[in-house]
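Here are a few short exercises to work through with the model open in your viewer. Try each one before reading its solution.

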Amino acid sequence: MTPPLPPELPSILVVDDEIRSQEALRRTLEEDFEVFTASSADDALAILEREWIQIVLCDQRMPGSSGVALLRQVRERWPDAVRIIISGYTDSEDIIAGINEAGIYQYLLKPWQPEQLLLTLKSAAEMARLHAENQRLAVELRTAAPVLEKQVSHRRASVRQQFALDAVLRAPGSPMNAVCALVKKLAALDIPVLLTGESGTGKELLARALHYDSPRAGEAFVVENCGALPDQLLESELFGHKRGAFTGAFEDRVGLFKQADGGTMLLDEIGETSAAFQVKLLRVLQEGELRPVGAARPIPVDARVIAATNRDLEAEVRNGRFREDLYYRLAALTIAVPPLRERPMDIPLIAQTLLDETQAALGRRFEPLSAEVIACLQTWRWPGNVRELRNEVLRMIALADDDRLSAAHLSPRVLRAADAGDEPALSMLSGLDGDLKTRLEALEARIVKESLIRHRWNKTHAAKELGLSRVGLRSKLARYGLERD
């Protein structure tokens, strides 16, 4: 037999041998409940067999069977139904029997007040709903455990693949190949590593690769930017604190070091820390234990520490701004991450990958980056490294009118390929060989092409900027082979 479906309104079965009592209860309840009525225990059991009943409201004294006797059967066969006795008598034995034998929810007395009755029954309906929801969730958790375990395993494998060394974008002949080879070797060694390099070069990416290629890959990888917080907050973040340790410490807090226990802790911008904090960090690294702020005893911690900085820590040590003993604790081995300007062969791969990621997030499609765009990108020195390159890709996408990204969408500084140093005018002369006439022609061709790109190959506007006629501009385009299909 197919089990009945639950009704939209909470369902209640009123069992009373007096018809007028049934009707009075029906009129009171029918706006908020789906009401079923029965005049005897047998009629009530028949209704329970075929209907989904959430609440049974039963008169205690009826011919043939008492309310407690009926609700005892209901408890045995339909234990999820909420059982309530309503009676005009206050016999303590009836009440005790109802509680002990029938497991009743409430014992109501006649005459009843409509408002109080509705309040009680709505509370019973909510309890029945919560009980059913709890049972459903319990079943789901039991059946979902293998699925959840599989999902966690799959996600962990996905994260490892995403941050493994193979995910570091580099071309053949790139300086990053030697760096990645060193990271691969150090990943298996449980020693502290110091990553140095300019901001935006990918130090955190290499730190993740060190973690996910190491025996600690199954545990947590935790990051803290040490330059973003004052000493007290940084100490609380890393080491944790006890309730009441300082103003605002309303509860105990587990520090990031303890969260990284068994895994890896990345201390980014370590060169920005104060001398006072460096002393506390040194003790953690030396002793393998930390003391939460306000705690009486230290607690052990086992986390591999990787530090990163864009400062020259050796110079900071010589100048007395960084503790020498802490430096040697952090830098068992130092990895220098090359800036993007030293990796021009990697720029096409990185730029195209950034474009693919961005267009997927935006739900748009663009043609692959043209040779013209790549040439412009490789000429710029990228003082902001990969972060700046990402912004340049976003700029091109924002300015594009169709599915083709043009070099005209690049920033003026990238188009001019100005050197980031003190002598920007000399950057245009880099790479020019030959006698003076040959160099001047190459420089002229570069200036003409830059103007055309800036004006999206509008020859009228480019000629006006260069002070040429359209005929003169066409002559130079033909001479330098700059005609565009």
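**Exercise 1.** Work out how many disulfides the structure holds, and decide whether Cys226 is buried or exposed.

*Solution.* Keep in mind that this is a predicted model. Start with the sulfur pairs: a disulfide needs two cysteine sulfur atoms within 2.5 Å. The structure holds 0 disulfides. Next, take the cysteines one at a time, with buried meaning under 20% relative accessible area. Cys226 comes out at 2%, so it is buried. Cys376 has a relative accessible area of 11%, so it counts as buried too.

**Exercise 2.** Classify the packing of helices α13 and α15 from their angle, then break down the residues of their contact.

*Solution.* First, locate the pair: α13 covers residues 347–362 and α15 covers residues 385–399. Their axes lie 10 Å apart, at an angle of about 55°. Roughly parallel would need an angle under 35 degrees, and roughly perpendicular runs from 65 to 115, so α13 is oblique to α15. The handedness of this crossing is right-handed.

Now for who touches whom. On the α13 side, the contact includes Ile350, Leu354, Glu357 and Thr358; on the α15 side, it includes Leu389, Arg390 and Val393. Sort the contact residues by type and you get 11 nonpolar, 1 polar and 2 charged.

**Exercise 3.** Zoom out: what share of the chain's residues count as buried?

*Solution.* Begin with the inventory, which is 19 helices and 14 strands. Of the chain's 485 residues, 41% count as buried. Finally, look at contacts between residues at least 6 apart in sequence: 66% of them join residues at least 24 apart.

Technical notes: Residues are numbered from 1 along each chain as its sequence is written. This is a predicted model: local features need pLDDT of at least 70, side-chain atom pairs count only at pLDDT 80 or more; totals for chains, interfaces and linings use all residues. Side-chain values use heavy atoms; hydrogens and water are left out. Buried means under 20% relative accessible area, exposed over 50%, partly exposed in between (1.4 Å probe, protein chains only). Axes are lines fitted to C-alpha atoms, for helices over the stretch in contact, and angles run from 0 to 180 degrees between N-to-C directions. Helices (H or I, at least four residues) and strands (E, at least two) are DSSP runs, numbered from the N terminus. Angles under 35 degrees count as roughly parallel, over 145 as roughly antiparallel, 65 to 115 as roughly perpendicular and the rest as oblique. A crossing is left-handed if the near helix is turned anticlockwise from the far one by less than a right angle, and right-handed if clockwise. Contact means heavy atoms within 4.5 Å. Ala, Val, Leu, Ile, Met, Phe, Trp, Tyr, Cys and Pro count as nonpolar, Asp, Glu, Lys and Arg as charged, and the others, Gly among them, as polar.
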